[in-house]
Amino acid sequence: MHTKFFIPVWTAITCLLLLLPVKELQAERLYFDITATDIRKIVLAVPDFTTAPGQQNGAAAASLLAQGFALHSFLDVIDTERYGGRRDASWRMLGVDYVIMGKIEPDPAGVMIEGQILDVATGQMLAGRRYRGTEAQFDDMVLRLCDDLIEDFTGEMGVSRTSIAYVSDGTGHKEVYVADILGRNPRQVTRHRALCVSPRFTPDGRYLAYSTYHRGNQDLYITDLRQSATTTSLSRRPGMNLAPAFMPDGQTMVVTLSQDGNPDLYLLDRQGKILERLTSRSGINVSPSLTSDGRMLAFASDRTRSGRPRVYIMDMQTRQTRLLQNGLVESSEPAWSPQGDEIAFTGLVDGRYHLFISDRNGANVRQVTSGRGDFESPTWSPDGRQLAVTRKIGGRSEICVVGKNGRDIRVLFRVQGNQSYPQWSPRLP
């Protein structure tokens, strides 16, 4: 059995906020081509927010906002220690391009948070955003500000309010966890005290499916992330019940089952009923990934004479299947980009597994990772600009994030134990 086939996505907490545009500051937005490999990073400063007398959270808001911006690899957020968090620093001497000027004020709803972009070169205030909400919504408003200002920079909303699901052995057993993308508030989803793998979010982010061996068989379960008491069986058929890829409606999914001996792909409903068999005894067929519109399915199979896994594409309307001609002798773990125009996958190069991206037809193949370690289980950020992967080096496994242009491989967060099978969530509403 090829262990590379096992591909390892979000908890949603809806909060109602009133977004009021700062109209006089929205005359100009800054759209940068951040996917270019030779672009210089934008240097950004986030000084302390101004606050009303008696308020003490101006520095905390700036720190959280800076963490959110730092998730986006096209930005270089300078350390506040270089200017003491002051708002009147010599930005040109510091090499800063833009400064986020933040403000916190009391409001009948609880608190008002505002942020504006200062263009250091011109001295002009550009885009700005304002939010009102309760004190309990404070962090969410700050991160909402981050994502909206990222949209002002690039034309695409940021990802600081997303989450990531992953498997960790911090307790001594491989259990499923969900944390926000900053690594805060990690939540243990499973307590099976047995091997759990391949967490997958439903498209609305409210449910998380995973496979577990706690009954001795690799069974498939799903849990409602809005509660912590119960989990529901999706499929406990003999053999593999692995790694669902959900259709856009979240009510049907593609799953690998081996109930007849051979691992094949099946279409199941949310009650676990088999609606259709998609592959039939043509090698090991695993790692399904669907485009956001549900029209195309990518998966890995070793059906070729070489016996090595390769990536295949199935048209979900005609059920016709073709090999993704990417030029690699072995490729697996495909993941469609959110826009459906690219496919990330793992490829074998000189005895190491690395991350690759190609166009949807297999053209324009480029290697994203290099160097030490094996890179596995790619999952796209909702904006399609970055990917989270499992990096294995020297017996340790950690989750890293890398821009799709191959820049800035960095550890996402550091927690106890080994982490693997990352799955990036959709955006919060």
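**Charged pairs and their surroundings**

At 3% relative accessibility, E114 counts as buried, because the cut-off for that class is under 20% relative accessible area. In this predicted model, the carboxylate of E114 does not stand alone: its side chain meets that of R130 in a salt bridge, with 2.6 Å from N to O. E114 belongs to strand 5 (residues 110-119) and R130 to strand 6 (residues 124-133), so the pair ties together parts that are 16 residues apart in sequence. R130, for its part, is partly exposed, with a relative accessible area of 22%, whereas E114 is buried.

The pair is also part of a wider arrangement, since K103, E105, E114 and R130 are linked in a network of salt bridges. Within this network, K103 forms a salt bridge with E105, and the closest N and O atoms of the two are 3.7 Å apart. K103 is partly exposed, at a relative accessible area of 27%, and E105 is likewise partly exposed, at 34%.

Another pair to examine is that of R184 and D180, whose side chains meet in a salt bridge at 2.8 Å, N to O. Here D180 counts as buried, at 14% relative accessibility, while R184 is partly exposed, with a relative accessible area of 24%.

Side chains of opposite charge can pair when their charged atoms come close. Across the whole structure, a search finds 29 salt bridges, among them the R130 and E114 pair, the K103 and E105 pair, and the R184 and D180 pair.

Key
Residues are numbered from 1 along each chain as its sequence is written. This is a predicted model: local features need pLDDT of at least 70, side-chain atom pairs count only at pLDDT 80 or more; totals for chains, interfaces and linings use all residues. Side-chain values use heavy atoms; hydrogens and water are left out. A salt bridge is a side-chain nitrogen of Lys or Arg within 4 Å of a carboxyl oxygen of Asp or Glu. Buried means under 20% relative accessible area, exposed over 50%, partly exposed in between (1.4 Å probe, protein chains only). Helices (H or I, at least four residues) and strands (E, at least two) are DSSP runs, numbered from the N terminus.
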